[in-house]
Amino acid sequence: PSYHGIPLSLHYLQQSEAAAAGEEEMLRRGPWTVEEDVLLANYIAANGEGRWNALARRAGLKRTGKSCRLRWLNYLRPDLRRGGMTAEEQLLVLELHARWGNRWSKIAQHLPGRTDNEIKNYWRTRVQRHAKQLRCDVGSQRFRDLVRGLWIPRLLERIHAPAGA
DNA sequence: AAACGGACCAACCGCATAACC
DNA sequence: GGGTTATGCGGTTGGTCCGTT
């Protein structure tokens with residue numbers, strides 16, 4: 001559970017145990033606060049990204065390097081696209097997933113400003129939901145056929161339809 | 001009014017590989 | 001060159017929002 005951005009889970013217990021055992025550090029986890037975002041964004045603006053563990057310490061963040069990297073790549077990076085996927089993007093995801101399977105990172109490289117996490121979430125929620133509605137498995141041949149025969153044509157129609165119509 | 005449930009998403013984990021002494 | 005640390009990936013979880021029962 002968390003409350004107002006402050007995580008209250010057993011991680012804190014683990015951390016106090018670690019502290020009681022004499023290990024300092026007390027790494028935070030869970031949702032990022034705006035203060036943390038500012039620290040991270042400012043540090044990277046000044047010093048660039050990379051060497052995440054050192055970066056975390058030098059930016060004054062009580063986080064793992066891993067957590068900082070994730071936050072930057074998935075949320076703070078300035079060139080991120082926000083908001084729902086366009087029809088073009090959805091089409092690309094469907095096509096590339098058909099070609100490569102769950103290679104989210106590779107797929108994301110072909111959608112500028114989108115992250116692998118976002119695409120993975122899109123697939124798990126939207127695509128799997130449609131599969132469920134159609135009463136078939138996402139991996140099944142039947143579903144692949146439906147994607148090619150129904151979903152993709154519908155997207156193409158939207159893409160080529162007059163804007164705003 | 002409260003409990004429930006699903007959609008959505010941010011963030012975590014474990015593991016594999018890479019990079020670094 | 002082998003052990004250790006760092007990074008990147010994919011799967012999964014847990015929280016919040018919101019509509020429904």
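# A helical chain beside DNA strand B

Chain A exposes about 11100 Å² of surface, and carbon and sulfur atoms supply 53% of that area. The model is predicted. Eight helices and two strands make up the regular elements of chain A. Read from the N terminus, their order is β-β-α-α-α-α-α-α-α-α. The chain has 165 residues, and 31% of them count as buried. Take the contacts between residues at least 6 apart in sequence: 46% of these join residues at least 24 apart.

The UniProt record adds a domain view. Its entry, which is unreviewed, places the feature "domain: HTH myb-type" at residues 24–76 and 77–131. Consider the span 77–131. Helix accounts for 64% of this span and strand for 0%. The C-alpha atoms at its two ends lie 33 Å apart.

Now turn to the DNA. Which residues come nearest to DNA strand B? There are 14 residues around the strand, and the nearest are Arg29, Gly30, Lys66, Arg71 and Asn117. Helix 4 (65–76) and helix 7 each supply at least two residues of this surface. Helix 7 gives the largest share, with five residues. By type, the surface near DNA strand B holds six charged, five polar and three nonpolar residues.

What part of the DNA faces the protein? Of the atoms of DNA strand B within 4 Å of the protein, 59% belong to sugar or phosphate. The rest belong to bases. Three approaches to phosphate can be picked out by residue. Arg29 places a polar side-chain atom 2.3 Å from a phosphate oxygen of DNA strand B. Trp32 uses its backbone: a polar atom there is 3.0 Å from a phosphate oxygen of the strand. For Arg126, a polar side-chain atom lies 3.5 Å from a phosphate oxygen of DNA strand B.

Next, look inside the protein, starting with Ala56. This residue sits in helix 3. Ala56 counts as buried because its relative accessible area is 1%, and the cut-off for buried is under 20%. Leaving out residues up to four places away in sequence, Ala56 touches Leu61, Arg63, Thr64, Gly65 and Cys68. Lys66 is ten residues from Ala56 in sequence, and the two C-alpha atoms are 9.0 Å apart. Lys66 is also one of the residues that come nearest to DNA strand B.

Arginines appear in both buried and exposed settings here. Is Arg114 buried or exposed? Arg114 is buried, since its relative accessible area is 3%. Its place is the loop between helix 6 (104–108) and helix 7. The Arg114 side chain makes a polar contact with the side chain of Glu89, at 2.8 Å. Beyond residues up to four places away in sequence, Arg114 touches Arg81, Arg82, Gly83, Gly84, Met85, Thr86, Glu89, Ala108 and Ile119.

Arg77 is another loop residue, located between helix 4 and helix 5 (87–100). Its relative accessibility is 19%, so Arg77 counts as buried. The limit is under 20%. The side chain of Arg77 makes a polar contact with the side chain of Asp79, at 3.1 Å. With neighbours within four places in sequence set aside, Arg77 is in contact with Trp72, Gly113 and Thr115.

Two more arginines call for a look at the backbone. Arg51 is not a glycine, yet its phi is positive, about 50°. Arg51 lies in the loop between helix 2 (34–47) and helix 3 (52–58). Arg51 counts as exposed because its relative accessibility is 65%, and the cut-off for exposed is over 50%.

Where is Arg135? Arg135 is in the loop between helix 7 (116–133) and helix 8 (141–160). Its phi is near 55°, again a positive value in a residue other than glycine. Arg135 has 76% relative accessibility, so this residue too counts as exposed.

To retrace the path: helix 7 supplies five residues of the surface near DNA strand B. The loop before helix 7, between helix 6 and helix 7, holds the buried Arg114. The loop between helix 7 and helix 8 holds the exposed Arg135.

Terms used:
Residues are numbered from 1 along each chain as its sequence is written. Chains are lettered from A and ligands numbered from 1 in the order in which they are written. This is a predicted model: local features need pLDDT of at least 70, side-chain atom pairs count only at pLDDT 80 or more; totals for chains, interfaces and linings use all residues. Side-chain values use heavy atoms; hydrogens and water are left out. Helices (H or I, at least four residues) and strands (E, at least two) are DSSP runs, numbered from the N terminus. Buried means under 20% relative accessible area, exposed over 50%, partly exposed in between (1.4 Å probe, protein chains only). A residue is near a molecule or strand if one of its heavy atoms lies within 4 Å of it. A polar contact is a pair of N or O atoms within 3.5 Å; within protein, one must be able to donate a hydrogen and the other to accept it, and residues adjacent in sequence count only if both atoms are side-chain atoms. Ala, Val, Leu, Ile, Met, Phe, Trp, Tyr, Cys and Pro count as nonpolar, Asp, Glu, Lys and Arg as charged, and the others, Gly among them, as polar. UniProt positions are given in the numbering used here, feature names are shortened, and annotations may be inferred rather than shown by experiment. Contact means heavy atoms within 4.5 Å. Accessible areas come from the Shrake-Rupley method with a 1.4 Å probe; for residues, only the protein chains shown count as cover.
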